[in-house]
Amino acid sequence: MGARRIWKNARLATMRPGLPGLGIVEDGALIAEDGRILYAGPASDAPLSGEGDIANCEGRWITPGLIDCHTHLVHAGNRAREFELRLEGASYEEIARAGGGIRSTVAATRAASEEELIAQSLPRLDALIAEGVTTIEIKSGYGLDLENELKQLRAARALGEARGVTVRTTLLAAHALPPEFEGRPDVYIDLVCKTIIPEAARLGLADAVDAFCEGIGFSREQTRRVFEAARSAGLPVKLHAEQLSNLGAAELAAGFSALSADHLEYLDETGIQAMARAGTVAVMLPGAFYFLRDTKLPPMDILRRYGVPLALATDCNPGTSPLTSLLLAMNMGATLFRMSVDECLKGVTLNAARALGLAGETGSLEPGKRCDLAIWDVGSPAELVYNIGLNRLHERIWSGR
């Protein structure tokens, strides 16, 4: 028997599937052992006898630890100058086609050592951890060659070792066309499919594969090739889909049983139906919507009608969402996308775990799951969505610690 911890006098938002709302338990207790939840429910039913480290929550709320399921957190440099250009009237596409955008971050990331990448990324990670994040997805996509994509993935893994946080890595080599492949996108996709994906899988550096299917990214057919290579390597897929136009990318992703399709402003009903059938999570990224001053809202009502799980994430990246607050992302999801409090909170816990293929490990307060908790000094869970710039985290627990 290992270390046993007990939290009593707590109010729980369990996020358990099948329960109404947030699965609230007003007079609750939570017991963990060896970093796993043994019990989470009414205090009256809790097996409180026996030794253990007891914490009196004094009526505080406990939620699952927060999960940021879509980030580009590992990169070098920033794109503040491009932000200025957009304020002066330039569009994201104009900047990208002029050699800015993703390519400028690629140049900075290629020039940085692995140690420099880690050092520049740690403050972003620490900001998220300080708000109760216990699991984070980190994508590559700013290396765009074998050496530098692997460097990004190694840096992401190192961040997880440096901090008490679970890191899931996603290979996003099909993010943009590197300058040395200008005019030869199919040749670059050959490199991604035949070399980069197999090597990242062989080294165990990637937990999933992603792509940017868009007019300024890669075509539907090129994305299909990436997904086929991922399937051959035994890796699940995710997709940046329908952000700037509708290419039928979400439907393609669903056809490969994608864990998630993300952005989705231009998603249509056909794509939603396919996602619903496949169980693909819709990841909402209001930070990019806000930062790019977009006006095309994702089709929230249709997503709800078909029961597609909704997740929320920061999309932390240097060009379109330099956001390191998952609490603010929830407020943006509510104010910009009209998501409910329950949708926002499940979007950064239960459904975020689903978007990473971790629903059996974390995202809700259930026996057997990892003891990842966020304990809050709030009167109700709604305050976590309502507040702007106020962090009411009392304590963060990762794997029972």
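**Rings, strands and turns in a predicted model**

Reader: Is arginine 305 buried or exposed?
Author: In this predicted model, arginine 305 has a relative accessible area of 57%. The cut-off for the upper class is over 50%. Arginine 305 therefore counts as exposed.

Reader: Which helix holds arginine 305, and how far is its C-alpha from that of alanine 276?
Author: Arginine 305 belongs to helix α11, residues 300–305. Alanine 276 is 29 residues away from arginine 305 in sequence. In space, their C-alpha atoms are separated by 9.9 Å.

Reader: How many aromatic pairs does the whole structure hold, and what is the geometry of phenylalanine 83 with phenylalanine 291?
Author: A search of the whole structure gives five aromatic pairs. Phenylalanine 83 and phenylalanine 291 make one aromatic pair, with 4.9 Å from centre to centre. The angle between their planes is 15°, and under 30 degrees counts as stacked. The geometry is therefore stacked.

Reader: Which helices does this pair link, and how many residues apart are the partners?
Author: The pair links distant parts of the chain. Phenylalanine 83 sits in helix α1, residues 80–87. Phenylalanine 291 sits in helix α10, residues 286–291. The helices are α1 and α10, and the partners are 208 residues apart.

Reader: Which burial class does phenylalanine 83 fall into, and which does phenylalanine 291?
Author: Buried means under 20% relative accessible area, and exposed means over 50%. Phenylalanine 83, at 32%, is therefore partly exposed. Phenylalanine 291 has 18%, so it is buried.

Reader: What is the C-alpha distance between phenylalanine 291 and leucine 323?
Author: Phenylalanine 291 and leucine 323 are 32 residues apart in sequence. Their C-alpha to C-alpha distance is 9.3 Å.

Reader: What is the geometry of the pair formed by phenylalanine 227 and phenylalanine 256?
Author: The ring centres of phenylalanine 227 and phenylalanine 256 are 5.3 Å apart. Their planes make an angle of 65°, and over 60 degrees is the cut-off that applies. The pair is therefore edge-to-face.

Reader: Where do these two rings lie, and are they buried or exposed?
Author: Phenylalanine 227 is in helix α7, residues 220–232, and phenylalanine 256 is in the loop between α8 (249–255) and β11 (260–263). Phenylalanine 227 has a relative accessible area of 0%. Phenylalanine 256 has 14%. Under the 20% cut-off, phenylalanine 227 and phenylalanine 256 are therefore buried.

Reader: Which residues do ring pairs link into a cluster, and which ring has the charged end of lysine 296 over it?
Author: The cluster is made of Phe181, Tyr188 and Phe218. The charged end of lysine 296 is 5.6 Å from the centre of its ring. That ring belongs to tyrosine 266.

Reader: What is the strand order of the open sheet, and which strands stand at the edges?
Author: The sheet has four strands with parallel pairing, in the order β10-β11-β12-β13. Each edge strand has a single partner, so one of its sides has no neighbour in the sheet. The edge strands are β10 (238–241) and β13 (310–312).

Reader: How many bridges join β11 to β12, and which residue stands opposite alanine 261?
Author: β11 and β12 (residues 281–284) run parallel and are joined by three bridges. Opposite alanine 261, in β12, stands alanine 282.

Reader: What is the phi of histidine 263?
Author: Histidine 263 lies in strand β11. At 2% relative accessibility, it counts as buried. Most residues other than glycine have a negative phi. Histidine 263 is not a glycine, yet its phi is positive, about 90°.

Reader: What is the phi of glutamate 58?
Author: Glutamate 58 lies in the loop between β4 (53–56) and β5 (61–64). At 60% relative accessibility, it counts as exposed. Its phi is positive, near 55°.

Reader: What end-to-end C-alpha distance does helix α12 have?
Author: Helix α12 has twelve residues, 326–337. At 1.5 Å a residue, it should span 16 Å. The computed distance agrees: 15 Å.

Reader: Which residue's side-chain oxygen reaches a backbone nitrogen at the start of α12, and which residue follows α12?
Author: At the start of α12, the backbone nitrogen of leucine 328 has a side-chain oxygen within 3.0 Å, from serine 325. The residue that follows α12 has a positive phi, near 60°, and is arginine 338.

Methods:
Residues are numbered from 1 along each chain as its sequence is written. This is a predicted model: local features need pLDDT of at least 70, side-chain atom pairs count only at pLDDT 80 or more; totals for chains, interfaces and linings use all residues. Side-chain values use heavy atoms; hydrogens and water are left out. The expected span of a helix is 1.5 Å times one less than its number of residues. A polar contact is a pair of N or O atoms within 3.5 Å; within protein, one must be able to donate a hydrogen and the other to accept it, and residues adjacent in sequence count only if both atoms are side-chain atoms. Rings of Phe, Tyr and Trp (its six-membered ring) pair if their centres lie within 6.5 Å; planes under 30 degrees apart count as stacked, over 60 as edge-to-face and the rest as tilted. Buried means under 20% relative accessible area, exposed over 50%, partly exposed in between (1.4 Å probe, protein chains only). A charge sits over a ring if NZ of Lys or CZ of Arg is within 6 Å of the ring centre and within 35 degrees of the ring normal. Two strands pair if DSSP finds at least two bridges between them.
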